[in-house]
Amino acid sequence: MPEALPLNLVFVLILLGGWAAGRLMLRLKLPAVLGMLLFGVGLGALPLLATWPEGLVVLEPFFTSFALVVILLRAGLGLRRQTLHRIGPTALAMAILPCLLEGITLTLALRLIFGFEWAISAMGAFMLAAVSPAVVVPAMLHLSESGYGKRNEVPTLILAGASVDDVLAITLFAIFTRMATAESVGVAEGLLLLPRALLLGLIPGWLLGLALARWFNKAYTRIRATEKTIVLITLALMLVQVGDWLHSAALLGVMTVGFLLLERAEPVAHELAGKLARIWIFAEIFLFVLIGMQVEPAVALQAGPRALLVIVLGLSARSLGVWISTSRSRMGRGERFFCVLAFLPKATVQAALGGVALGLGLPGGDVLLALAVLSILITAPLGLIGIRLAGPKLLDLAPPDLADPEDAD
């Protein structure tokens with residue numbers, strides 16, 4: 001077995017190679033994360049990286065949490081209370097129904113097609129079920145800023161639904177992971193943990209958001225935007241750590257922090273959103289290159305046809321859930337079809353959680369990792385291309401002076 005490369009050299013390869021691969025994909029009008037992921041697969045196949053440096057093994061979980069925190073803070077900073085009131089019931093339905101339908105369908109599919117145990121099937125199902133904030137959040141923010149879909153607040157509805165969809169999927173993933181690793185936790189007990197997990201995730205996030213908004217408003221001119229960002233990310237990471245101790249939906253709390261900052265300290269929120277967008281450039285490279293480096297190509301090829309069937313079944317169930325969720329809204333057929341397209345991409349959560357089962361030594365962990373990577377490779381480009389092509393055609397364009405009516409309040 002060759003010796004592991006120095007950690008500094010591995011970081012150079014990840015950052016420069018991942019950035020270059022992402023830029024190449026952007027030139028081809030494809031998601032940058034696709035290039036990063038493929039570069040990671042190639043990098044992981046090199047004999048020199050058959051053994052990871054010890055420091056990289058230790059830091060990999062941190063990079064995962066860091067990336068999720070950054071993207072969910074960005075999502076929270078893009079949600080307004082007034083808008084959520086207008087689209088509340090539809091956004092709530094889109095946050096819950098598609099995720100649950102896809103998760104249930106995937107659980108059955110993984111059980112029947114791959115023969116996994118029920119807990120592992122459900123664990124893998126909700127890892128795969130989450131929609132990608134890495135693809136959806138920037139795309140919806142861009143459409144919203146460009147004035148598309150303002151009449152029925154379609155981008156904001158998708159942003160809200162997708163963000164909560166992620167939190168629900170991650171929470172259920174965590175619950176079923178406990179069931180898969182601890183024989184004492186049964187199905188009924190595990191499902192009863194959900195309301196507790198959501199509540200214990202929401203309350204700390206709400207309190208932290210109120211405290212930060214008050215402090216940032218008082219110290220607005222004394223603390224630079226970069227310093228505010230450091231404080232925000234540090235405390236959000238601490239929130240995630242507390243969530244790990246309490247087995248709560250800490251990422252719901254993280255998103256709540258961003259939501260409250262926009263509501264109670266809007267000038268600060270805009271500063272933070274700009275800084276987080278720059279930090280995400282760094283975070284997404286590490287996240288997607290690292291997940292690619294963990295893939296065993298032979299396992300992915302062996303699972304190929306069955307994995308594709310599982311992914312298609314899951315996406316079909318998700319699409320049905322989105323169509324049902326928007327059935328009583330004011331949206332037309334074109335807008336509803338756009339919502340279906342926008343809820344297809346997989347990337348961030350699959351990259352962050354795809355290797356968990358393998359790391360825990362659970363049966364089928366290598367297959368679940370391969371499924372995570374394949375779902376990204378298939379759905380991220382299809383979803384982003386669909387959003388880019390269909391958005392301007394299916395969504396109405398507001399006049400420039402009406403593009404953001406809330407700015408006049």
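In helix 3, a kink of about 35° lies at Glu60, shortly before the proline Pro61. The model in which this bend appears is a predicted one, and helix 3, which runs over residues 54-76, has 23 residues that reach 35 Å from the first C-alpha to the last, a span close to the 33 Å expected at 1.5 Å a residue. A kink is also present in helix 11, where a bend of about 30° is centred on Trp280. Helix 11, formed by residues 266-293, has 28 residues and reaches 40 Å between its first and last C-alpha, close to the expected 40 Å.

Helix 3 also takes part in the largest pocket, since helices 3, 7, 8, 9, 10, 14 and 15 each supply at least two residues of its lining. The largest pocket has a volume of about 1,000 Å³, and of the 34 residues that line it, Ser65, Phe173, Ala174, Asp244 and Leu353 are the closest to its centre. Helix 7 (154-181) gives the most to this lining, with eight residues. When the lining of the largest pocket is divided by class, 20 residues are nonpolar, 11 are polar and three are charged.

Confidence in the prediction varies along the chain. The mean pLDDT of the protein is 83, with 90% of the residues reaching 70 or more; confidence is lowest in helix 6 (residues 133-145), at a mean of 78, and highest in helix 5 (residues 118-129), at 91. Over residues 401-409 the pLDDT is below 50, and this stretch has 10 contacts in the model beyond near neighbours in sequence. Where pLDDT is low, the predicted coordinates should not be read in detail.

Technical notes: Residues are numbered from 1 along each chain as its sequence is written. This is a predicted model: local features need pLDDT of at least 70, side-chain atom pairs count only at pLDDT 80 or more; totals for chains, interfaces and linings use all residues. Side-chain values use heavy atoms; hydrogens and water are left out. On a 1 Å grid over the protein atoms alone, a cavity is a set of points where a 1.4 Å probe fits but cannot get out, and a pocket is an open set with protein on both sides within 12 Å along at least five of seven lines; lining residues have an atom within 4 Å of a point. Grid points are joined across faces, edges and corners, and a volume is the space filled by probe spheres set on the points. Helices (H or I, at least four residues) and strands (E, at least two) are DSSP runs, numbered from the N terminus. Ala, Val, Leu, Ile, Met, Phe, Trp, Tyr, Cys and Pro count as nonpolar, Asp, Glu, Lys and Arg as charged, and the others, Gly among them, as polar. The expected span of a helix is 1.5 Å times one less than its number of residues. The bend at a residue is the angle between axes fitted to the seven residues ending there and the seven starting there. pLDDT is the predictor's confidence in each residue, from 0 to 100. Contact means heavy atoms within 4.5 Å.
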